[in-house]
Amino acid sequence: MERLQKVIAKSGICSRRKAEELILQGKVIVNGEPCTTLGTKVSGNDVIEINGKTLAYEEKEYYVLNKPRGCVCTSDDDKDRKTAVSYIDTESRIYCVGRLDYDTTGVLLLTNDGEFCNMMTHPKYHLPKTYRVNLQGILTDEDIKKIRKGLKTKYESYQPARVKMIEVDPTRDRCQFELTIREGKNHQVKNMMKALGYEVRRLNRNSFADINVDGMKPGEYRKLKPFEVKQLKLMAQKGE
Ligand code: URA
């Protein structure tokens with residue numbers, strides 16, 4: 001989602017300042033209604049008309065980025081931090097499919113297709129996301145059972161998740177494991193671990209459904225192939 005005046009300016013028809021004037025004058029129509037509020041957020045799915053002309057239709061674009069640490073998944077950051085979107089060389093209004101934390105690395109999908117974004121992130125579609133979790137502390141058998149059964153905390157209840165232990169380091173009191181979840185609640189992995197009394201040291205998303213970033217350096221991205229987009233949509237529909 002981006003501010004209306006920014007979207008108009010990006011389309012190249014006028015400057016952002018002129019766009020603000022047009023909005024205040026009631027000359028900008030969003031989904032059939034005049035919009036006079038500066039800063040209204042719009043997505044690629046909203047139809048924007050100015051002086052009877054619809055803003056140019058954008059080709060749908062789909063990317064996967066190997067998200068580095070130290071960037072945010074929002075389009076505009078109030079602290080002016082680097083955004084994940086800025087890694088992608090495109091003129092289109094793309095945004096992140098769901099969110100990874102500032103310090104989380106790995107598979108991040110980006111697109112300008114609002115419907116696709118909704119399908120990938122809506123809990124009813126249950127797409128699997130696998131994380132490599134580097135934990136301070138060592139999960140007990142009891143913890144693993146709870147995660148597999150569906151962890152319940154005072155504030156949240158999580159669906160059953162898959163756990164595969166990779167490495168246990170008793171001398172440093174650490175472990176690494178793979179966790180596959182089918183939801184996308186806020187800070188889900190960190191909150192699940194916190195509820196069990198642990199702190200996540202590092203978090204990497206290894207895959208989103210069948211999409212991974214094997215062989216890609218942090219900050220590298222590629223376009224998704226049409227068959228990959230099709231497969232993601234099919235998987236989402238099957239999980240419904
Ligand atoms: N869970 C988290 O806690 N953080 C992320 O970035 C992704 C999943």
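Author: A residue counts as buried under 20% relative accessible area, as exposed over 50%, and as partly exposed in between. Keep in mind that the model above is predicted.

Reader: How is H187 classed, buried or exposed?

Author: Neither label applies: H187 has a relative accessible area of 42%, so it is partly exposed. H187 sits in the loop that runs between β12 and α5 (188–195). Its backbone deserves a look too, since H187 has a positive phi of about 45° although it is not a glycine.

Reader: Which residue in the loop between β11 and β12 should I look at in that light?

Author: Look at D173, which lies in the loop between β11 (162–169) and β12. D173 is not a glycine, yet its phi is positive, at about 55°. With a relative accessible area of 38%, D173 is therefore partly exposed.

Reader: What does the whole protein look like in terms of helices and strands?

Author: The protein contains six helices and 15 strands. Its C-alpha trace spans about 65 × 40 × 40 Å along the principal axes. Of its 240 residues, 44% count as buried. Among contacts with a separation of 6 or more, 64% join residues 24 or more positions apart.

Reader: How do strands of a sheet pair?

Author: Strands of a sheet pair through backbone hydrogen bonds, and the pairing is either parallel or antiparallel. Here, one open sheet has four strands in the order β3-β2-β5-β6, with antiparallel pairing. Its edge strands are β3 (33–34) and β6 (53–54), each of which pairs on one side only. Strand β2 (residues 28–30) and β3 are joined by two bridges in the antiparallel sense. V30 has E33 in β3 as its bridge partner.

Reader: How many bridges join β10 to β12?

Author: Eight bridges join β10 to β12, and the two run antiparallel. Strand β10 (residues 129–136) also runs antiparallel to strand β13 (residues 199–208), again through eight bridges. For single positions, N134 stands opposite Q176 in β12, and R132 has N204 in β13 as its bridge partner. Strand β10 is mostly covered, with six of its eight residues buried.

Reader: Is Q176 buried or exposed?

Author: Q176 belongs to strand β12 (residues 174–181). The cut-off for buried is under 20% relative accessible area. Q176 has 19%, so it is buried.

Reader: Which residues is Q176 in contact with, leaving aside its neighbours within four places in sequence?

Author: Q176 is then in contact with R132, V133, N134, M165, I166 and E167. One of these, N134, is the residue that stands opposite Q176.

Reader: Now the helices. At what angle do the axes of α3 and α6 cross?

Author: Angles under 35 degrees count as roughly parallel, over 145 as roughly antiparallel, 65 to 115 as roughly perpendicular, and the rest as oblique. The axes of helix α3 (residues 114–121) and helix α6 (residues 226–239) cross at roughly 50° and come within 9 Å. The two helices are therefore oblique to each other. The crossing of α3 past α6 is left-handed.

Reader: Which residues in α3 meet α6?

Author: From α3 they are F116, M119 and M120; on the α6 side, they meet V229, L232, K233, A236 and Q237. By class, this contact has six nonpolar residues, one polar and one charged.

Conventions. Residues numbered from 1 in each chain as written. Predicted model: local features only at pLDDT ≥ 70, side-chain atom pairs only at ≥ 80, totals over all residues. Heavy atoms only, no water. Pairing = 2+ DSSP bridges. Axes fitted to C-alpha atoms, helices over the stretch in contact; angles between N-to-C directions. Left-handed = near helix turned anticlockwise from the far one by under 90°. Contact = heavy atoms within 4.5 Å. Nonpolar A, V, L, I, M, F, W, Y, C, P; charged D, E, K, R; others polar. Buried < 20%, exposed > 50% of the residue type's maximum accessible area, 1.4 Å probe, protein only.
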